[in-house]
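User: Please take a close look at one helix in this structure and at the partner it packs against. I would like a connected account rather than a list.

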Amino acid sequence: MRTILLALLVTAACHHDSSPQSPQMAPEPVPTAASNDNLGRMPADPTLPSWAPSACAAYHAAVVRFAECDAVAQASRNVVKTQYDADDARWKAMHDQRPEQILDVRGDCLEAERAINNANSCLSPSATRSAAR
């Protein structure tokens, strides 16, 4: 399913910036959405599970920005929203996660956020955030 999402995003993007990605650093301890005490950086999706990596909140924020971009076809925006909803439901069904499972979810969220930001023609190249956190 993730492959289908990425393929649709790549083909739907009107303006794709092909600048090289910076190499990923070794993962640090995974901050969770629930551990964020900074009110200015509250999770975009307050319903995220407490164990969910903060990268998943960033993924949700990318989905919201993508959904607001009229330069992208509505069908593509719907696919992205549907994929996020499926991922969110999967996370909510997961309980008592082992650290390696949380790292897998974090990686999925980082990958999805990067793909959405790359496909979002409403973002200028300087506005896209680095997915390395």
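Analyst: What follows describes helix α2, its contact with helix α4, and one residue in that contact. The model is predicted.

First, the setting. The protein chain has four helices and zero strands, and along the sequence the pattern reads α-α-α-α. Of its 133 residues, 38% count as buried. Among contacts between residues at least 6 apart in sequence, 68% join residues at least 24 apart.

Helix α2 covers residues 54–67. At 1.5 Å a residue, its 14 residues should span 20 Å, and the C-alpha atoms at its ends are 20 Å apart, so the expected and computed spans agree. Most of α2 is covered, with 10 of its 14 residues buried. An unbroken run from Ala55 to Val63 belongs to the buried set, namely Ala55, Cys56, Ala57, Ala58, Tyr59, His60, Ala61, Ala62 and Val63. Phe66 is buried as well.

The partner, helix α4, takes in residues 99–119. Its 21 residues should span 30 Å at 1.5 Å each, and its end C-alpha atoms are 30 Å apart, which again agrees. The buried residues of α4 include Ile102, Val105, Arg106, Cys109 and Leu110. Further along α4, Ala112, Glu113, Ala115, Ile116, Asn117 and Ala119 are also buried.

Two packed helices are described by the angle between their axes and the distance between the axes. The axes of α2 and α4 come within 8 Å and cross at roughly 25°. Because angles under 35 degrees count as roughly parallel, α2 is roughly parallel to α4. The crossing is left-handed.

On the α2 side, the contact is made by Ala55, Cys56, Ala58, Tyr59, Ala62, Val63, Arg65 and Phe66. From α4 come Val105, Arg106, Cys109, Leu110, Ala112, Glu113, Ile116, Asn117 and Ala119. By class, this contact has 13 nonpolar, one polar and three charged residues.

One of the α4 residues in this contact is Glu113. Is Glu113 buried or exposed? Its relative accessibility is 0%, so Glu113 counts as buried. Ala62, on the α2 side of the contact, is 51 residues away from Glu113 along the chain, yet the C-alpha atoms of the two are separated by 5.9 Å. Ala62 is itself among the buried residues of α2.

Methods. Residues are numbered from 1 along each chain as its sequence is written. This is a predicted model: local features need pLDDT of at least 70, side-chain atom pairs count only at pLDDT 80 or more; totals for chains, interfaces and linings use all residues. Side-chain values use heavy atoms; hydrogens and water are left out. The expected span of a helix is 1.5 Å times one less than its number of residues. Buried means under 20% relative accessible area, exposed over 50%, partly exposed in between (1.4 Å probe, protein chains only). Axes are lines fitted to C-alpha atoms, for helices over the stretch in contact, and angles run from 0 to 180 degrees between N-to-C directions. Angles under 35 degrees count as roughly parallel, over 145 as roughly antiparallel, 65 to 115 as roughly perpendicular and the rest as oblique. A crossing is left-handed if the near helix is turned anticlockwise from the far one by less than a right angle, and right-handed if clockwise. Contact means heavy atoms within 4.5 Å. Ala, Val, Leu, Ile, Met, Phe, Trp, Tyr, Cys and Pro count as nonpolar, Asp, Glu, Lys and Arg as charged, and the others, Gly among them, as polar.
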